[in-house]
Structure formats: C-alpha cells, structure tokens
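These are my notebook entries from a look through one structure. I took single residues in turn and then the chain as a whole.

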Amino acid sequence: AVDAAVAAAAQLALSEPCSTGLGGDAFLLYYDAATRRVRGLNGSGRAPAELDIDYLREQGITGNRIPDTSVHSITAPGAVALWCDAIAKWGTKTMAEVLA
C-alpha cells in the first residue's frame with residue numbers, strides 16, 4: 001500500500017502541480033495490520049542546520065518568531081524525503097521501481 005501511495009503522490013505532483021508537488025511538505029500515517037500499530041512520518045520542511053538565534057539577531061530579527069516575509073521563514077521541502085523514508089520503512093519495491 002505504501003508503494004501505491006507514493007506512486008500516486010508522485011503522479012499527482014506531475015499532473016496537478018498546483019495542488020500538490022515536489023516543493024511541498026507531506027505527512028503520512030501508516031497502519032501495520034500485522035502489529036495493529038499506527039506509525040507516522042513527518043515530512044515537513046527543515047530549517048538549515050547552521051541557522052541559530054544568534055545569527056537571526058545579527059540580521060535584526062527580534063522577538064519570538066521569524067517574520068513571514070523573511071527568507072529565513074522558508075524551509076526546504078520535505079515531501080520527497082518522506083516518500084523515500086516511507087518506501088525504505090514499509091515499501092516492497094525500490095524507489096526507482098515505484099517511480100517507473
């Protein structure tokens with residue numbers, strides 16, 4: 001099922017890029033019938049590893065949040081990383097096979 005879900009997400013990224021796509025985030029809940037457990041993956045974007053509060057203060061950003069208009073408020077898209085993680089954890093095919 002994970003293979004099909006990732007294949008469907010990838011196909012939608014091509015056919016409806018304004019609705020979903022490679023440049024976004026993703027979240028996944030996976031139910032394992034054998035163990036009767038629900039697992040989750042968070043494919044939200046990540047901030048740069050070297051970004052810290054001291055650097056932000058040097059850039060004139062104060063307060064307890066980064067302004068929405070700041071370049072530092074943008075994260076690296078996480079959807080594709082989530083697809084790869086899901087295939088690695090629960091898939092039955094390789095990523096190349098799923099995307100073929």
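Entry 1, Asn 42. I looked up Asn 42 and found it in strand β2. Strands here are DSSP runs of E with at least two residues, helices are DSSP runs of H or I with at least four residues, and both are numbered from the N terminus. The model is predicted, so I note that local features need pLDDT of at least 70 and side-chain atom pairs count only at pLDDT 80 or more, while totals for chains, interfaces and linings use all residues. Residues are numbered from 1 along each chain as its sequence is written, and side-chain values use heavy atoms, with hydrogens and water left out.

Is Asn 42 buried or exposed? Neither: Asn 42 counts as partly exposed because its relative accessibility is 45%. The cut-offs are under 20% relative accessible area for buried and over 50% for exposed, with partly exposed in between (1.4 Å probe, protein chains only).

I then listed what Asn 42 touches, leaving aside neighbours within four places in sequence: Ala 26, Phe 27 and Leu 82. Contact means heavy atoms within 4.5 Å. I also checked Asn 42 against Leu 29: the two are 13 residues apart in sequence, and their C-alpha atoms are 9.1 Å apart in space.

Entry 2, the strand pair. I asked how many bridges join β1 to β2. There are seven, and the two strands run antiparallel. Two strands pair if DSSP finds at least two bridges between them. I wrote down two of the partners: Phe 27 is bridged to Asn 42 in β2, and Ala 26 is bridged to Gly 43 in β2.

Gly 40 also lies in strand β2. Gly 40 counts as partly exposed because its relative accessibility is 49%. With neighbours within four places in sequence set aside, Gly 40 is in contact with Leu 28 and Leu 29. I checked Gly 40 against Ala 81 as well: they are 41 residues apart in sequence and 14 Å apart from C-alpha to C-alpha.

Entry 3, the hairpin loop. Arg 36 sits in the loop between β1 (26-32) and β2 (37-43). The hairpin has four residues between its strands. Arg 36 is not a glycine, yet its phi is positive at about 60°. Most residues other than glycine have a negative phi. Arg 36 counts as exposed because its relative accessibility is 68%.

Entry 4, Trp 83. I found Trp 83 in helix α3 (residues 79-90). Trp 83 counts as buried because its relative accessibility is 7%. Which residues is Trp 83 in contact with, leaving aside its neighbours within four places in sequence? I noted Val 6, Ala 9, Ala 10, Ala 13, Leu 22 and Met 95. I also took the C-alpha distance from Trp 83 to Ala 5, which is 8.9 Å, with their positions 78 residues apart in sequence.

Entry 5, His 72. His 72 lies in the loop between α2 (53-58) and α3. I put His 72 down as partly exposed because its relative accessibility is 22%. Apart from neighbours within four places in sequence, His 72 is in contact with Leu 51, Tyr 55, Leu 56, Gln 59, Ile 61 and Ile 66. The C-alpha atoms of His 72 and Ile 61 are separated by 9.8 Å, and the two residues are 11 apart along the chain.

Entry 6, the whole chain. I counted four helices and two strands, in the order α-β-β-α-α-α along the sequence. The C-alpha trace spans about 50 × 35 × 20 Å along its principal axes. The radius of gyration is 17 Å, where a compact globule of 100 residues would have one near 13 Å. That radius is taken over C-alpha atoms, and the globule rule is 2.2 Å times the number of residues to the power 0.38.

Of the 100 residues, 24% count as buried. Among contacts between residues at least 6 apart in sequence, 57% join residues at least 24 apart. The protein exposes about 7100 Å², of which carbon and sulfur atoms supply 55%; the areas come from the Shrake-Rupley method with a 1.4 Å probe.
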